[in-house]
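Biologist: I should like to learn how cysteines are read in a structure. Where should one begin?

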Amino acid sequence: MAVRLQLDETGHKTITSTDVADISGLAVNGTVTVNPSQLDCSSLGPQTITVTASNGTPGTTQTKAIPVIVVSTPIFSNYHDVTIPADNSCNTVLPDYTVMFAPHDICTNVTLSIKQEPVAGTALTVNQPTTITLTAGDQFGGTTAVFFSVTPYAVPVIFPKPRPITLKLSESGSYEVQVADLGQPFVCDGSTLTNTISPPNLSCANLGNQTITLTSSNLRPNPQAVTFSVPSDAVTDAAGNIYVADSYSCSIRKIASNGAVTTFAGGSGCGYADGNGAIAKFKVVNGITIDPAGNLYVIDENDRVRKITPDGTVTTLAGDGQNKTVDGLGTATSFKDPKGITIDGAGSLYITQGDYLIRKVTPGGMVTTITSPSSVSKLNNPIGITTDPLGNLYITDYTSAIKKIAPDGTITIIAGHDGSGFTDGTGAAASFNQPKGIIGDSQGNLYVTDSKNNAIRKIDPSGKVTTLQLYTTNPGDKATLNNPIGIKLDPFGNLIVVDTDNERIVRITPAGQLTTIAGNGIVGNNNGNTNTPAMLGGTVSINVPVTVVSSINSTSPQDGITPTISSLPADATVCAGNAINFTASIPAGTTVNSYQWQVNGVNAGFNQPTFSSSTLQNDDVVTCITANNVSCTVPQTSQPIQVHINPAPGVVFNQNPTIKLGESVTLVPQLSGDIVSLNWSPAFGLSSTSTPYPLANPGVTTTYYLTATSSIGCQTTVPVTVTVITPIHVPNTFTPNGDGFNDVWKIDDLVNYPNCTVNIFNRYGQALFHTNGYGTPWDGTYHGDKVPPGTYYYIIDLKNGSKPLAGWVAIIR
């Protein structure tokens, strides 16, 4: 029986003796040759391979011709999980994928056949994935098989309501459209439907023929789609594969260039363990970077730096898991809350920490701290970090500024400033809001994930900050970010951004075009293929013609009830400051439910048939607008009434005078306008009650009222108060000895001055007593202790505009 030899996907194979023969008795220094040793597409079909084995001594050489069949390797380069719509009865059959996912072969001299299982036309069950096997083979027996799932989903259908459709507004002129008014949405699998109506509400503006759109959707997350669990960072390798630090699944996920998503390391639970693939464990992965050899470097909440080789083997490069900062070598060191990680051209790692320090890890695992404490460096919770070919580091931190650390350790701000904002500009004129990820391109530009502004910001070499204007050409995608964190460049110059709170990884071109690579907004840890649709279900809309009528079945607005207004006084003429009363009347047998009074076209008053105002100005115009209970009637406005306000005399007093008891003062009002008579009241203490400037000599503080009357009877009354100051008798001695006689410094006259202040000092100017009002007299104490006998000094301010009283009082004990 011929041995089967299969070429690889490049159309070649190197033959070893073990591929075609079992050789026994071969000495340690024996030799084996195979001829031919190389196969290619020209070798397809039956061939003979000659194997010669020898121990190097006469009679020990044997040669055997071995028949083989050389076959090719068919290649399926484009296959993935598929969703297809079912019909309205939830029926669907399996399509023919032998053409859609047709294979090819690197060898042009082969003929490929392809078989699908189950076969096309097989009935499928809605919402249930079916595994499809495509097997391709050549005429020589080479085969390749691939597997993917096909999931049929139900799509809503809307059965429209029979026409014509008439929708009647309420008496208030409104109508909320219901789904049943337009049609009956249906989905065969009973999934939840979300129905929307546009416009959802109708008013008088919609009277007549209208078109209303009813949309029904049963879109929901596809359980076969790729999901992430709060991803934080990502990096790409030279082949375009993307590695994602998937924080809460405690794993590193790989998005291959063909769209396949797998768990590359970790994922079997959170914790700490080195090992290969799923044997390894991580704890909330924060950052990831890669070296030219394809080794990944990861930091997580184990407070360690982990290395992952291209075959998925995880080891600990540095850190002992203790949450503190200790320099040294390898696992004898410690890290405190590592946040971000980057790598330079020499292979050294740089790590930001929660204690505001930057750490360096050499390829040999030597760990040093390269920044001073935050009190000196002014770093504030640095997170994102990247480097340039000149050895400069660029940092994002919670001051919302972008900072540069030169090779000599000098730290400067290159963009933004302390304090949050969202402003483009150059240097400190720009502002950010919690920037997190940062990466640089070959042109010297920096790109920053501005997490709280949900934006990607570009900083050019001059320090000019601009915001990338994101857009998408996929109607099912969205160009808005939600807390973007990680950011890297792929081999083609595109940005790979971790859109954390949208649970997705996106690609953004330098022009701003955004494409979702993987993730559908649902928190999870589902592997699969990026081509698998993120959502199941569908959306359908119908446009429904309707006729909108008012509550009286009219398709056009109707005139309302016109009011008639009257005034009291009838000629709407009053003196300034007096009220005019207005009344609105409507025809008998009619009703209105709204009265809107207006003065000069501006709304005034209340929703009632009467209106009164004492603040109207001459020539103001008053109207009333009424509306009734019938929907879509046009409010009607009354005929206007123009008011006439006669001016009142002007009377102004510049001040309220103050006099001492027994003194007189002339009252001097400022008079203006038409005045034919004056009257002062009360007459007490006045030299005249009808002259403009009488002499006032009241015995007590008195308020007088001056009434001025014009030739048409308009009056103005204004008060003026004459304050009379009575003498204040201040005792200069009291004896606080507890005998019940003269124990307090009593000043009876201050009862007339309730707002007065009284302050008492000793001979050194120290304040011993203060009070507002003198309801409780001083008892000769300070903080409860008796003051010694002697002379003390007072200042009494009556708060009436007069000069404060000052003097001394003696205490005798």
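Modeller: Begin with burial: a residue is buried under 20% relative accessible area, exposed over 50%, and partly exposed in between (1.4 Å probe, protein chains only). Cys-624 is buried, its relative accessible area being 0%. The model is predicted, so local features need pLDDT of at least 70 and side-chain atom pairs count only at pLDDT 80 or more, whereas totals for chains, interfaces and linings use all residues. Residues are numbered from 1 along each chain as its sequence is written, and side-chain values use heavy atoms, with hydrogens and water left out.

Biologist: What counts as a disulfide, and how many does a search of the whole structure find?

Modeller: A disulfide is a pair of cysteine sulfur atoms within 2.5 Å. The search finds 5 of them. One of these joins Cys-41 to Cys-107, with an S to S distance of 1.9 Å. Both ends are buried, Cys-41 at 18% and Cys-107 at 2%.

Biologist: Which parts of the chain does the disulfide of Cys-575 and Cys-714 tie together?

Modeller: Helices (H or I, at least four residues) and strands (E, at least two) are DSSP runs, numbered from the N terminus. The sulfur atoms of Cys-575 and Cys-714 are 1.8 Å apart. Cys-575 lies in strand E53 (residues 573-575) and Cys-714 in the loop between strand E69 (702-709) and strand E70 (715-725), so the link ties together parts 139 residues apart in sequence.

Biologist: Why does Cys-624 form no bond with the closest cysteine sulfur?

Modeller: The closest cysteine sulfur, in Cys-204, is 20 Å from that of Cys-624, which is too far for a bond. Cys-204 instead pairs with Cys-632, their sulfur atoms 2.4 Å apart.
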